[in-house]
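Hi,

Here is the structure I promised to send over. Have a look at it first, and then read on for what turned up.

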Amino acid sequence: MMALLMRDLKLAFRAGGGFGFAILFFFIVTLLLAFGIGPDVVLLGKIAPGALWVCALLACLLSLDRLFALDYEDGTLDLLTVAPIPLEAVVFAKSCAHWITTGLPLALVAPLLGIFLDLPAEGYLWVFLSLLAGTPALSMIGAFGAALTLGLRRGGLLLSVLVLPLYVPTLIFGAEVARRGTVGMDVQTPFLLLVALSFGALALLPFAAAAVLRINLR
Amino acid sequence: MVYGHLMILSVKDLSVSRGGRLLLSGLNFEVLPSEALVLTGPNGLGKTSLLRTLAGLQPQAGGEIITENETAVYAGHADGLKSGLSVIENLRFWADIFASRHRLNDALEQFDLSDLKNRLAGRLSAGQKRRLGLARLVLSERPLWLLDEPTVSLDEPSRQGFYKTLQTHFDDGGGAVIVSHTPLALARSPKVMDLSLFAAQGFFTTEVDAFL
């Protein structure tokens with residue numbers, strides 16, 4: 001599993017795409033939002049935690065359609081299916097690689113982009129922590145969606161339609177952690193629920209995604 | 001690497017389908033150690049589907065496939081290479097998957113890839129890519145090789161090199177099921193099976209009649 005994770009990371013860094021495009025997209029959408037709302041700093045500061053979460057979530061979607069597609073097209077997925085590594089581990093390793101190259105960089109740059117939305121200083125840490133805790137769920141749910149749409153024409157569009165509704169609970173709790181943290185309220189309950197969502201996704205969705213992949217590979 | 005099997009693969013009354021359409025039925029054959037079975041037949045008959053079924057990539061429509069777990073390695077039309085990785089990095093990945101790093105040099109040498117080991121796979125010719133794809137078989141250390149037109153894109157010296165590797169595999173007690181449209185120049189004549197005799201829409205006779 002480590003070999004697959006390291007290979008995917010190497011490919012992502014060499015291609016230079018992955019996290020670079022996701023961060024650029026995150027930056028542009030956040031900037032557009034700030035321009036769209038205008039110079040109302042009170043309003044901007046109020047919506048900043050939720051807006052950053054929505055922008056990060058959309059940026060996370062960008063590279064999902066290629067998660068299994070490249071390995072499917074070049075035959076690697078067939079070969080991995082008959083290799084001595086469970087397909088569930090393949091899904092897990094590829095989702096981890098996606099998180100490291102997309103979710104983690106988004107969490108790291110989110111506080112910086114908060115400047116454009118006049119995010120209060122108290123919110124920086126909580127935006128980062130909430131994304132750090134929530135983006136594993138986004139990658140894992142996305143992997144399930146990518147497995148479902150593997151091999152389909154216009155799969156990317158369908159993937160967004162399938163995955164975005166599944167992102168709702170993560171978005172609700174993630175944005176709530178960031179919002180509460182920003183205004184100095186207790187974040188324990190939504191934060192624990194957010195962590196539970198990520199762990200739940202990591203524990204269950206590799207099995208669901210692997211089952212769907214097996215059907216799609218037939 | 002010497003394999004210790006009495007029988008590598010046994011197929012009983014196997015039916016193969018693709019997309020819900022029955023392609024082949026009534027297949028019965030065995031692959032013994034040091035034995036090659038070559039499958040022939042016209043395009044679209046279901047040769048690749050049969051190989052994929054034997055590899056466990058798709059379920060059989062009926063019948064039985066008797067083999068031990070983790071016996072087979074499959075080499076299809078796509079070689080599973082990453083163009084952004086070098087030859088050695090591609091092989092190292094599969095060596096790690098099959099826990100066989102000690103075979104890396106064997107794989108490079110048997111497929112004449114030593115001089116190319118630092119070149120990106122994306123910059124190899126079609127024949128060199130095919131050789132790299134086939135080198136993965138050596139790393140798998142599995143007794144049953146399921147090969148779908150393995151000599152496509154290979155020039156004569158590469159083809160001879162592949163036959164030599166295949167012979168070493170047979171000498172070690174391995175077996176192979178090979179789909180090929182061209183005769184294979186192996187030291188020991190392989191068993192040849194014409195799959196058109198098992199076409200689900202056409203007639204089929206006994207397994208004895210099918211072996212040419």
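To start with something you can find by eye: where in chain B is the place of B:Asp112? B:Asp112 is in the loop between helix H3 (104-110) and H4 of chain B. Keep in mind that this is a predicted model. Phi of B:Asp112 is near 55°, a positive value in a residue other than glycine, and the residue is exposed, with a relative accessible area of 56%. B:Ser34 also has a positive phi without being a glycine, near 65°. You will find B:Ser34 in the loop between strand E2 (21-31) and strand E3 (36-40) of chain B, and it is partly exposed at a relative accessible area of 25%.

Now the interface. Here 25 residues of chain B are in contact with 22 residues of chain A. The area buried between the two chains is about 2,000 Å², and carbon and sulfur atoms give 65% of that. On the chain B side, B:Leu57, B:Lys82 and B:Phe93 supply 29% of the area that chain B buries against chain A, more than any other three residues.

There is plenty of polar chemistry to look at too. The rule finds nine residue pairs in polar contact across the interface, both residues at pLDDT 80 or more. The elements that give two or more residues to the side of chain B that touches chain A are helix H1 (47-55), strand E5 (72-75) and H2 of chain B. H2(B) gives the most, with five residues. Sorted by class, that side has 13 nonpolar, four polar and eight charged residues.

On to salt bridges: the count is 18 over all chains, and five are found across the interface of chain B and chain A. One pair to click on is A:Asp71 and B:Lys82, whose side chains meet at 2.4 Å, N to O. Another is A:Lys10 with B:Glu89, at 3.6 Å, N to O. A:Lys10 lies in helix H1 of chain A and B:Glu89 in helix H2 of chain B, so this pair joins two chains. The partners sit in unlike surroundings: A:Lys10 is partly exposed, with a relative accessible area of 34%, whereas B:Glu89 is buried at 15%.

Within chain B, B:Asp79 forms a salt bridge with B:Arg130, the closest N and O atoms being 2.6 Å apart. B:Asp79 is in the loop between E5 and H2 of chain B and B:Arg130 in helix H4 (residues 126-140), so the pair ties together parts that are 51 residues apart in sequence. Both residues are buried. Elsewhere, salt bridges that share partners join A:Arg7, A:Asp8, A:Asp71, A:Asp74, A:Lys94 and B:Lys82 into one network. In that network, A:Arg7 and A:Asp8 pair up with their closest N and O atoms 2.8 Å apart, and both are buried.

Last, helix H1 of chain A (residues 2-15). At 1.5 Å a residue, its 14 residues should span 20 Å, and the end C-alpha atoms are 20 Å apart, which agrees. Its buried residues include A:Leu4, A:Leu5, A:Leu9 and A:Leu11, along with A:Arg7 and A:Asp8. What covers the buried residues includes helix H4 (69-73), helix H5 (76-81) and helix H6 (87-113) of chain A, together with helix H2 (87-97) of chain B.

Cheers

Note on methods:
Residues numbered from 1 in each chain as written. Chains lettered and ligands numbered in written order. Predicted model: local features only at pLDDT ≥ 70, side-chain atom pairs only at ≥ 80, totals over all residues. Heavy atoms only, no water. Helix = DSSP H or I, 4+ residues; strand = E, 2+ residues; numbered from the N terminus. Expected span 1.5 Å × (residues − 1). Buried < 20%, exposed > 50% of the residue type's maximum accessible area, 1.4 Å probe, protein only. Contact = heavy atoms within 4.5 Å. Buried area = accessible area lost by both parts, 1.4 Å probe. Salt bridge = Lys/Arg side-chain N within 4 Å of Asp/Glu carboxyl O. Polar contact = N/O pair within 3.5 Å; in protein donor to acceptor, adjacent residues only side chain to side chain. Nonpolar A, V, L, I, M, F, W, Y, C, P; charged D, E, K, R; others polar.
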